[in-house]
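Colleague: I have a few short questions about this one. Can we go through them in turn?

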Number of protein chains: 2
Amino acid sequence: MSQYWSRLVHSLTPYVPGEQPKVDNLIKLNTNENPYPPSPQVLQAIAEQNNEKLRLYPDPNSDLLKQAIANYHGLNSTQVFVGNGSDEVLAHAFQALLKQDAPLLFPDITYSFYPVYCGLYGIEYNNVPLNAEFAIEVEDYQQKCGGIIFPNPNAPTGRLLPLSAIKQLLEMHPNRVVLVDEAYIDFGGESAICLVNEYPNLLVSQTLSKSRSLAGMRVGFAVGQAHLIDALERVKNSFNSYPIDRLALYGATASFADEEYFQDACQKIINTRETLTAAMTDMGFKVIPSAANFVFATHPQKSAEELALALRERKIIVRYFNKPRIDQYLRITIGTDAENQALINALKTLTANTTSAA
Amino acid sequence: MSQYWSRLVHSLTPYVPGEQPKVDNLIKLNTNENPYPPSPQVLQAIAEQNNEKLRLYPDPNSDLLKQAIANYHGLNSTQVFVGNGSDEVLAHAFQALLKQDAPLLFPDITYSFYPVYCGLYGIEYNNVPLNAEFAIEVEDYQQKCGGIIFPNPNAPTGRLLPLSAIKQLLEMHPNRVVLVDEAYIDFGGESAICLVNEYPNLLVSQTLSKSRSLAGMRVGFAVGQAHLIDALERVKNSFNSYPIDRLALYGATASFADEEYFQDACQKIINTRETLTAAMTDMGFKVIPSAANFVFATHPQKSAEELALALRERKIIVRYFNKPRIDQYLRITIGTDAENQALINALKTLTANTTSAA
């Protein structure tokens, strides 16, 4: 607290990201990073741009990247917005599109940055409870609102909402923006990007941090009809002209050129996820069906917090949220097959002498 | 305009950055970039980090860089805030510290992003006119205010305010934050950073874009007492957890390790600036005394706009602002000696047959 702070600062409850440990000998399954490196083409593109031109500002509009994303998704580049990670893209969207005269709606169990953005921009919101199986019930969103946002698949549950349900939401509130946060969509979901030209109220955000193995480079994007993108550009250009640096610009662009590498890495993660899901189910865990690069699971006889601590002692870090409804769940990122096997072995030890729920 | 925009978006007047042309054969003296490349140690550090670890998030707190900046300036790392370019740092400072119940004060001729931030965050402001010689008159700031911000040296004038005057401002408004934006301080000014431990209301921002030749990497920072830095961290952590990517983190940190390269590049630019100032004065220009990597100059018989267009035809881009009081001035970035000579030759041709003001 300080007399120099603005009134807003006193009221903020900042987001707490997952731990980024500074030692190397851990199996890090806590922040949904990709266990595989970025495409060699990405590293090559960055290396080529690591030269004296770093003295020059990047293109403030990141046109090269916007065009690559537009081409990849069959859109026009005026339908693409890019930012310094999808968190920055979401922040601008909250300020530009989701701040309205009625409360924003999002699930009670969801990405915990959403209420933080609401605090930052003074946006009223209502939490809409997921059902007992952690699924979104579309009819619960039939209420006065200023907009809707949810991750799809949801975080930290991993559960996917089908496009048919997203269409229902879009048609239920045609005058409000529905923001589908697809950070994890490439691990098994169908993207709502195919609906962008049909629905003027649809904004879809994605990130290169997960499926494209570029968490370290901070690039995210949103697609929607040009009038929605215009709003984001107006806020961005009132905040920071050059959010994407030269190396991120070229590295991210290169990522969209190596489709085979991308598909292969996604498929490996999906396969590992299915292996983990089967093994954990065998141990008595209830595992929420996941379309993401993580699983969300609870054990009927073991405390989630204690399991997380015991895994930590074995140098395996997973994410535990001490929050209502989910405080008996662990969110576990999908690692390499070797990491996955180490996790499975540790969990087997930790859940030995319990009775399977089956 | 769109029904989906928040009320704020309709009211914004975004910042317009200087042109970033996509062709290479221009002498680019319009956006105050450094004509010399970053230190080889910076490129080396980036190359070393351009590897599979890009799949991992960066340190959200950028501790390595904060410590390097703290060591460089003899501060504690809790007195350092870093962001995605000093524009992002400034944006957070406007929201966290400069939004108060009285108007913010800044010069009438100054960095044109300041009123844009005010628009973004709903901050009332008063412009305080510079005197006829484009200097800040400290006594004009003796008025009720919510804070003060100015660049030092000022942009686009290049004129420096001495530390004694900054102390007067700090003591005039001990309960308000005075933000000294030192984007250009390394080209001849004395930094106010030496006053940070003495004044709890002083925040100083700097950038690696100009004197450290890293405009392409987007890194800026602010220093002040820990209670001011805390406010910035709270806003940052409510906006984007990881604003500095892995390559920017290591590249920026390396920059502070190569003091000799840094000092040498700054001195070369200062020398070239003095050469340009003398040559332009000989041609009849009035050149405002500059402590920055640009000069701000007017010719008594030549239209600034026409000069800018004529230079452009000769493939030399400078910045022209069509704004009150400065619409007869050009802002010209200091280039290499060869670029400088080409500029001098062009200006000589364009001002031939005019009478020297002397």
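Modeller: A term to begin with: a polar contact is a pair of N or O atoms within 3.5 Å. Also, this is a predicted model.

Colleague: Then which backbone nitrogen lies 3.3 Å from a polar atom of the side chain of A:Ser303?

Modeller: That of A:Glu305. The side chain of A:Ser303 also reaches the backbone nitrogen of A:Glu306, at 3.0 Å.

Colleague: Where is A:Ser303 found in chain A?

Modeller: In the loop that runs between strand S10 (294-298) and helix H10 (304-313) of chain A.

Colleague: Buried, exposed or partly exposed?

Modeller: A:Ser303 has a relative accessible area of 22%. Buried means under 20% and exposed means over 50%, so A:Ser303 counts as partly exposed.

Colleague: How far is A:Ser303 from A:Asn25?

Modeller: In sequence they are 278 residues apart, and in space 26 Å apart, C-alpha to C-alpha.

Colleague: New topic. What rotation superposes chain B on chain A?

Modeller: One of 180°, with 0.0 Å of shift along its axis, and the RMSD is 0.0 Å. The two copies are thus related as by a two-fold rotation axis.

Colleague: Which residue of chain B comes closest to the rotation axis?

Modeller: B:Ala47, whose C-alpha is at 3.4 Å from the axis.

Colleague: And how many residues does the contact take from each chain?

Modeller: It takes 88 residues from chain B and 88 residues from chain A. Of the interface residues of chain B, 100% are also interface residues in chain A, so the copies meet through the same surface.

Colleague: How much area do chain B and chain A bury between them?

Modeller: About 7,100 Å², with 54% of it on carbon and sulfur atoms. B:Tyr4, B:Tyr57 and B:Phe239 supply 13% of the area that chain B buries against chain A, more than any other three residues.

Colleague: How many salt bridges does the rule find across the interface of chain B and chain A?

Modeller: Two. B:Asp101 forms a salt bridge with A:Arg7, and their closest N and O atoms are 2.7 Å apart. For polar contact, the rule finds 44 residue pairs across the interface, both residues being at pLDDT 80 or more.

Colleague: Which element gives the largest share of the side of chain B that touches chain A?

Modeller: H4(B), with seven residues. By class, the side of chain B that touches chain A has 43 nonpolar, 25 polar and 20 charged residues.

Terms used
Residues numbered from 1 in each chain as written. Chains lettered and ligands numbered in written order. Predicted model: local features only at pLDDT ≥ 70, side-chain atom pairs only at ≥ 80, totals over all residues. Heavy atoms only, no water. Least-squares fit on C-alpha atoms with pLDDT ≥ 70 in both. Contact = heavy atoms within 4.5 Å. Buried area = accessible area lost by both parts, 1.4 Å probe. Salt bridge = Lys/Arg side-chain N within 4 Å of Asp/Glu carboxyl O. Polar contact = N/O pair within 3.5 Å; in protein donor to acceptor, adjacent residues only side chain to side chain. Helix = DSSP H or I, 4+ residues; strand = E, 2+ residues; numbered from the N terminus. Nonpolar A, V, L, I, M, F, W, Y, C, P; charged D, E, K, R; others polar. Buried < 20%, exposed > 50% of the residue type's maximum accessible area, 1.4 Å probe, protein only.
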